[in-house]
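Okay, let's get going. I'd like to walk you through one fold today, so have a look at the screen.

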Amino acid sequence: PARHERRTVSTRFGESHVLLAGSPTNPPLVALHPMRTSSAHIASVLGPLVERYSLIAPDLPFQSVRGLQAKLPLRDDTHAQWLKEVLENLNIGPAPLLGISWG
């Protein structure tokens, strides 16, 4: 089992839960989980990647029990702004983004 940590970060949309897995000295990989699952789900699916990457898996708004319990608009860049704030609050610079299904 890889190192993992749960964090809550503040955004203007509310408190957001993030699962961090792997070594923080590895390059970051931001992973967005499918609809109605969670950061824990995607971390379990992507488990082998934590040997090479530092996995950053936020719980998507209104898609997870631990996620932000607010529906964000889908017709503008609100979700992108939310993710930008989450990553900035974690001091994550440019990083590859992997999304599955809804993610």
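I'll start with the sheet, go on to the helix on top of that, and finish with a loop. Keep in mind that this is a predicted model.

So, the sheet. We have an open sheet of 5 strands here, in the order 1-2-4-3-5, and the pairing is mixed. At the edges you find strand 1, residues 4-11, and strand 5, residues 97-99. Each of those has a single partner strand, so one side of each has no neighbour in the sheet. On average, neighbouring strands are turned by 25° against each other, if you ignore direction.

Let me pick out one pair. Strand 2, residues 14-21, runs antiparallel to strand 4, residues 54-58, and the two share 4 bridges. If you want a spot to click on, Val 18 stands opposite Pro 58 in strand 4.

Now, what packs on this sheet? That's helix 2, and it touches strand 1, strand 2, strand 3, strand 4 and strand 5. Its direction makes about 120° with that of strand 1.

Helix 2 covers residues 78-89, and Glu 85 is in there. Buried or exposed, that Glu 85? Buried: the relative accessibility is 16%, and the cut-off for buried is under 20%. Leaving out neighbours within four places in sequence, Glu 85 contacts Thr 11, Arg 12 and Phe 13.

Last stop, the loop between helix 2 and strand 5, where Asn 91 lies. Phi of Asn 91 is near 60°, so a positive value in a residue that isn't glycine. Asn 91 is exposed, at 69% relative accessible area.

Methods. Residues numbered from 1 in each chain as written. Predicted model: local features only at pLDDT ≥ 70, side-chain atom pairs only at ≥ 80, totals over all residues. Heavy atoms only, no water. Buried < 20%, exposed > 50% of the residue type's maximum accessible area, 1.4 Å probe, protein only. Contact = heavy atoms within 4.5 Å. Pairing = 2+ DSSP bridges. Axes fitted to C-alpha atoms, helices over the stretch in contact; angles between N-to-C directions.
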